[in-house]
Amino acid sequence: MVKLPLKLRAEQALSLLAEAVAEISNDSEKTNQVLDWELHYHKGWYLFSLAKAQKNLDQAEKAVTTLEEAKNITKPGYDPELYRLILKELGNCYFHKGDYLTAFNQKLEQQEIETQFAIKAFIGAGKLQPRKHRTNPALSSIQASEKLTQEIATSGRLPDVENLVGRIKVSHHRFTILYGSSGVGKSSLVEAGLIPILKGDSVDARDLLPVLQQVYTNWRENLGDSLAKAISELENREYNLPKSPLERGTLKTYPLTRGAEGESKTVPDRLKNCYSLINSNDDLLAILKAQEKQNRVTVLIFDQFEEFFFNNKDINQRLQFYNFLQECLKISFVNVIISLREYFINYLLECNRLVSLDIINNDILSKKHIYYIGDFSIENAKSVIQGITSQTTFTLTPELIDELVKDLAGDLKTVRPIELQIVGSQLQSENITTLAEYQEKGPKQAFVGRYLEEVIKYCGPENERLAKVVLYFLTDENNTRPLKSRVELEEYTEKPERMELILTVLVKSRLVFRIPASPSDNYQLVHDYLAYFVRKEMSEAAQISAELEKERELRKQTEKMLNEALQKQLNAARRAAITLGGMVLAVGGLAVAATLFGINTYLLGLSAVSKDKTELDRLVSAIEAGKNLKTLSLGATSGTKLQILSELSTAIQEVKEFNRFEEHKDDVTHVSFSNDEKMIATGSKDDTVKVWSVDGSQEKKTFEGHTDDITQVSFSSDGKIVASASKDDLAIIRWIDDSRKEIILEHSDDVLDVSFSSDNQFVATGCKDGKVQIWSVKDGSLVKNFDSHTAPVTHVTFSPNAKIVASADDYDNVKLWFIYEKKEVEIDNYATTDIKFIDNETIILSSRGNDFKVYKVNGELIKRYGESLEDYTHNVISDDQKIIATTNYSSLTLDIEKEMRRWRNSNIYIYI
């Protein structure tokens, strides 16, 4: 046998090493840093070899114990390759034991070591971290020092960091908004570049105190904790003052005030006690003023600030922060940086309206205060790849770099940093270094898909299917990232502990955000960029899983509704029995017979009324008769029951599908009827618009020309023209009979809605950039531009006389624009889902806030519907404004001439 001698050799080596240490430890002259390095290096390798031998001998538990000992004795700074191998082997052992979370934690630590010590070039979906160097006792502390700007310089973000540091050091740039799209590396720039450089730097003999804030569940308490941590680090830090701009952030390798391997000293109890008593803005401001008196410049960095809006939905909560911002900017030596995703930057305009920010001239989004972080250019991306790979042994050929960047850039000619890191990480995992290998296993979509698959595998084979379902349900049909609560996600499994494992893996992999909330946390995919790949690359497996889980949920809902119905029927039967029993005692058998005759006559009459109606009206009447049958079932004869149930079955069958259109190649995103109800226009994710005849008598018409998802389609009032809006920044007007050439309306961002005026002379468009624009149908010229919305405009519509345009945005604002009067009326309407003018003086709004509101065009509320409705999911206002329909999971409601009726077991509310 070969395995046994290897185990014995490792044990013998450990024994000899222990004897040598005991002998040398008595000689104080030989006990030095070099000896410590040698001891940890050799003992780590011997233990690692012993563990591998134990594993090969099927001594799994002993192997884990030995590997844990090897991990504890080996210092990453002395031998990062060995430490990485120990973590890898330890993770494999835990995984095979079924302890997936512990195995995954080893993997995370392994990835951290690989990044910090430049063993691997790319970081995947993670964040950049300050680079560490191997500790070589033969070098002096000056030679061993490291520049914390190195990883930022190779990442292509050093100019941005230097610009931000420059802004901090001049008095007229006390406030900065750092913004960019999801995945451009804002947090990496802040954590691995800006903060390390600010630490140890100074302005006019004042120490810089960077304070990082990324949690906003209780922003005041969270900021107090961040201040305590930053002040503690500053008070305990050894400075190595910079000699040049590129040496900012340089620290000595020997950590005089640090604990084990890179761990920061804990916050002293005196600071904890002081800052745990923060109850108001004044308490925070007092701390900031105290830092000013101690000759410090405090730099408050609010990173991932979009989370602030998620966690502070009430306007009064947000107002408290805005008041704090107003006051802290009055302190001379406080700088504020707010970093957030580009989509949310307009949310900050609310601060302009609610408080006075004189220090920035009450113009929070002025070009003077905003700093954009964008995608890489093609040349910059090539430089970044060359820079980060040059620090490692992983080298790509120039031909592969050219092809990779071309593939990543696509038609936009820019490269998303997150995409570069994910694809690069997968290239390194598969050891692909040449163009031929890339072409064989690519393109980029394939690498992203395999990257996601590898993360999912960490959940364990029995949990992979559920992990895919979770990721899939954290996206939607628009390739965006909806928030999902823990409770919602746990509905898809009967074992909550499985969900705990999966969510922990996804969160720690930096694919998913955990957003603390009550009563359960919320979860969201980290980057918009990933939503597309989750739905495309996992669509088959995830959709099958999702359908199975939906069926299970439907069964649960059906069982619940059935139980409720049976309980109600039981109660009704008891009441009827008591009633009938009372009748028997009071009037005898004749009265009972008369009562039974009356019940059956009444029920049969309801059934007869139903037969005289058609389609939906017949179904409604049949359901009404069925409800009464449940209540009076004890008094109904078998013949009456049979007739009512037969009529209900017939009514259900009469409501049939009229036609079906199935030629789009991807999801249908919008449907619109012509005014005469003879044509339907559909828009799809396949980038096409199709016009169909409702009865199928005419051949469909297909319009191409868009290059991204269609968001809206709309007919002109005469049904001769169709307009479409798309995420490709275009709206297109087309004549169905091809009598005129199409007109293309160019925008600066996604077009979310398009609507014709009643005279077909104009179209209005709503755009993601917050603009409402009116265009001439005649020549496509821009007639009017309204730009006071602070969020994407999702709905636009004209008044009947085309003198007013109404628009709604994602931030609860509805605006009425009086085209010829230069007048604007604003209405606050939560989560608007539809807008229609009743006439030139009245408008009706629907929302997800459980109501419908009717307003005068001067903004006066005159009527409100549906205040008692439960949480519903969608609603529609008919073109003639006579019908309002809204859906939820449990009921059908009709409002006919102000009389409200409701039936269970349907999915629609309708108001007429």
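I'll start with one residue, Glu89, which sits in helix H4. This is a predicted model, and every value I quote is computed from it. Glu89 has a relative accessible area of 14%, so it counts as buried, the cut-off being under 20%. Which residues does Glu89 touch, once its neighbours within four places in sequence are set aside? They are Phe48, Lys52, Lys55 and Leu67. Take Leu67 from that list: it lies 22 residues from Glu89 along the chain, and the two C-alpha atoms are 7.9 Å apart.

Leu67 takes us to the helix pair that Glu89 belongs to. Leu67 is in H3, and both Leu67 and Glu89 are part of the contact between H3 and H4. Helix H3 covers residues 60–73 and helix H4 covers residues 80–97. In general, a pair of packed helices is described by two quantities, the angle between the axes and the distance between them. For H3 and H4 the angle is about 150° and the axes are 10 Å apart. How do H3 and H4 run relative to each other? They are roughly antiparallel, because the angle is over 145 degrees. The crossing of this pair is left-handed.

On the H3 side, the contact is made by Glu61, Val64, Leu67, Glu68, Ala70 and Lys71. On the H4 side, it is Tyr83, Ile86, Leu87, Glu89, Leu90, Cys93, Tyr94 and Lys97. Sorted by class, that is 9 nonpolar residues, 5 charged and no polar ones. Glu89 is one of the residues in that contact, and as I said, Glu89 is buried.

Next, H8 and H9. Helix H8 is residues 158–168, helix H9 is residues 186–198, and their axes come within 10 Å. They cross at roughly 45°, and H8 and H9 are therefore oblique to each other. This crossing is right-handed. From H8, the residues involved are Asp160, Val161, Leu164, Val165 and Ile168. From H9, they are Leu189, Gly193, Leu194, Ile197 and Leu198. What is the class make-up of this contact? There are 8 nonpolar residues, 1 polar and 1 charged.

The third pair is H16, residues 378–390, with H17, residues 398–409. These two pack at about 130°, and their axes are 10 Å apart. That angle makes H16 oblique to H17. H16 passes H17 in a right-handed crossing. H16 contributes Ile378, Ala381, Lys382, Ile385 and Gln386, while H17 contributes Ile401, Asp402, Leu404, Val405 and Ala409. The residues of this contact divide into 7 nonpolar, 1 polar and 2 charged.

Now to some loops between strands. Gly780 is in the loop that joins strand S22, 772–776, to strand S23, 782–786. Is Gly780 buried or exposed? Its relative accessibility is 16%, so Gly780 counts as buried. Outside its neighbours within four places in sequence, Gly780 is in contact with Ile743, Leu745 and Trp775. The C-alpha atom of Gly780 is also 8.6 Å from that of Ile733, and those two residues are 47 apart along the chain.

Two other loop residues have an unusual backbone angle to look at. Most residues other than glycine have a negative phi. Glu677 is not a glycine, yet its phi is positive, about 60°. Ala802 is not a glycine either, and its phi is also positive, about 60°. Where are they? Glu677 is in the loop between strand S12, 668–673, and strand S13, 679–684. Ala802 is in the loop between strand S24, 793–798, and strand S25, 804–809. Their surroundings can be stated in one number each. Glu677 has 58% relative accessibility and so counts as exposed. Ala802 has 6% and so counts as buried.

Last, the chain as a whole. The protein chain has 27 helices and 36 strands. Of its 912 residues, 49% count as buried. What share of the contacts with a separation of 6 or more comes from residues 24 or more positions apart? The share is 58%. The accessible surface of the chain comes to about 44500 Å², and 50% of that belongs to carbon and sulfur atoms.

Note on methods:
Residues numbered from 1 in each chain as written. Predicted model: local features only at pLDDT ≥ 70, side-chain atom pairs only at ≥ 80, totals over all residues. Heavy atoms only, no water. Axes fitted to C-alpha atoms, helices over the stretch in contact; angles between N-to-C directions. Helix = DSSP H or I, 4+ residues; strand = E, 2+ residues; numbered from the N terminus. Parallel < 35°, antiparallel > 145°, perpendicular 65-115°, else oblique. Left-handed = near helix turned anticlockwise from the far one by under 90°. Contact = heavy atoms within 4.5 Å. Nonpolar A, V, L, I, M, F, W, Y, C, P; charged D, E, K, R; others polar. Buried < 20%, exposed > 50% of the residue type's maximum accessible area, 1.4 Å probe, protein only. Areas by Shrake-Rupley, 256 points an atom, 1.4 Å probe, with all protein chains shown as cover.
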